[in-house]
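Here is a set of questions and answers about how the words used for a structure follow from computed values. Please look at the structure first, and then read each answer beside it.

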Amino acid sequence: MSPKGAAFIVGAFEHPGRNLPDRSVAQIHAEVAMGALADAGLTPADVDGYCCSGDAPGGIVAMSEYLGLNPRFMDSTDIGGSSYIAQVGHAAAAIAAGQCSVVLITMGGRPRTGQRRKPAAEGPFVSFEASYGHSNPSSYALAARRHMHEFGTTSAQLAEVKAAAASHAQHNPDATLKRAVTIDEILESPLIADPLHRLDCCVITDGGGAIVMVSPDVQRTLSRSGVRVLGAAEAVKHTAFGHIDLTHTGAVYTGHAAMEQAGVSHRDIGYASIYDSFTITVVQTLEDLGFCDKGKGGWFVADGALRAPHGRLPFNTDGGSLCNNHPANRGGMIRIIEAVRQLRHEARPQVQVPDCRIALVHGTGGWLGTRMGSATLILEAQDA
Amino acid sequence: MTEVSELTGLPLVPPNMDEYAAYFWSEAAKGKLMLTRCAEGGEVVWVPRPFCPAHPESETRWAEASGRGSVYSYTTVYRGEGAFADSSPFILAYVDLVEGCRIMTNILGLDNGLAVGSAVHVVFDRSSADFAIPRFALDLSSPLDRQRGESGILARGPAHRI
């Protein structure tokens, strides 16, 4: 059953904290859950569907108990930071099928003041990567180097992605890096894994976020405006038995599929939330989503296209993972929440896109240098 | 604590011997770079696996690779993590083997003219007979070339950083 238009996001809450040494991760899940339910005008007793990812403390059953939920639909998909974007599609399908009518999705973590990252389960490839020092920045750097080699992409073009995010973050009092930064400042920051500099990387923060999705019948009983889910798609992109191409992501499939399901084209998209773990992630994603030709992403961003409110494709108006917030090293949830703000016309006034009716959300969970789970959503303002 | 190679300054992370690919590591300890190939179609299946998705009724067979290839991409890592935290800077790379597969590895040496497309060859980094990590060195005048033993296996040498 197609989920198109069958579900609404009616509650969204981003934890305002970026440094939470005194909270447990379970507490963070609870705080964002209650925040999103309050935003929707609902309570835990109304919830009959629940999603969190594989990193939630104790897993989804323990989290259901902790939050006081009795879900009849659950999903703990773990494709890293894009998990929550994929779960919106899963929840919309479950709502469309009549399996549930109020779905809560939560995430939280403390990579800044707590455990930086849970050790990943040892997959069949671990010795072929851990032996060589594969890490998050180095993985994305391998992709950036190859993109530069094939297409002539420059470090200054990548830096514009950070500069655009920072130009938005300066209006967000909760942002971790809340000041404008220049291209030169980015290029002069220390190399972490060349060609990526420190300021090509996202911030590391504690925190979390949650959203609430409901059926049209429930939505009609609520006073808050909702956001309609028009399209959802997900894909895995991997090393393909020793033939990895480092210049594309799973967005090659998910962008087209989600837009086709939604019945929209690129010119309909007024705002884009693009998971920005690193600057190169955004450039490759824009190309793969079809906003420009393959290899032209650097030129697409270089003239200020991403800058709100008047760029060709305003993106990450909260400052994104690059400047605002990257709780649990998983950026997807906050990308959804900022798209909801834009479609409700509740973004910060300096970055609110005028007449924003259709938004795209895209997540890249995993690594550009090996394998990823990609997910795309198309969302529509309820009053459109 | 992971042992660090005296020859390369890189950690010698013991391989996972619980997987099918354990044979890859036991052969690497003998100085051989092994691949799996589909018994039906002949294509390389990397990382080594006992099956080929294009010919699911078939098996794969182990075959020794030449150890020659060229650099597909690379990065100089200034902030290593985990076992590599104290080994920075080092080079992480993908190498295209002449047999037709792209593998993650390290390129030894720094500031030696490495570029996308550079020709490289395998060397086996080890500190004992227990296991070896295949890494790659630039062809021609790599400092490591001069230390290669007849078997192509790095011999123990004085502690220094390459």
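Q: In what order do the 3 strands of the open sheet in chain B stand, and what is the sense of their pairing?
A: In this predicted model, the open sheet of chain B has the order β2-β1-β3, and its strands pair in the antiparallel sense.

Q: Why are β2 and β3 of chain B said to stand at the edges?
A: Strands β2 (44-45) and β3 (60-64) of chain B each have a single partner strand, so one side of each is left without a neighbour in the sheet.

Q: How do you know that β1 and β3 of chain B pair?
A: Two strands pair if at least two bridges are found between them, and strand β1 (residues 34-38) of chain B is joined to β3(B) by 5 bridges in the antiparallel sense. One of the residues concerned is B:Cys38, whose bridge partner in β3(B) is B:Thr60.

Q: What makes up the rest of the picture of chain B, in terms of helices and strands?
A: Chain B holds 1 helix and 8 strands, and, read from the N terminus, the helix precedes the strands in the pattern α-β-β-β-β-β-β-β-β. Of its 162 residues, 54% are buried.

Q: What makes both faces of strand β9 of chain A count as covered?
A: A residue is called buried when its relative accessible area is under 20%. In β9 (residues 271-274) of chain A, A:Tyr271 and A:Ser273 on one side are buried, and A:Ala272 and A:Ile274 on the other side are buried as well, so by that cut-off both faces are covered.

Q: How do you know that β9 and β10 of chain A pair, and in which sense do they run?
A: The requirement is at least two bridges, and 4 bridges join β9(A) to strand β10 (residues 358-366) of chain A, with the two strands running parallel. Within this pairing, A:Tyr271 has A:Ala359 of β10(A) as its bridge partner.

Q: Why does the radius of gyration of chain A agree with that of a compact globule?
A: For 384 residues, a compact globule would have a radius of gyration near 21 Å, and chain A has 19 Å, which agrees with that value. The C-alpha atoms of chain A fill a box of roughly 55 × 45 × 40 Å along the principal axes, and buried residues make up 65% of the chain.

Notes. Residues numbered from 1 in each chain as written. Chains lettered and ligands numbered in written order. Predicted model: local features only at pLDDT ≥ 70, side-chain atom pairs only at ≥ 80, totals over all residues. Heavy atoms only, no water. Buried < 20%, exposed > 50% of the residue type's maximum accessible area, 1.4 Å probe, protein only. Rg over C-alpha atoms; globule rule 2.2 N^0.38 Å.
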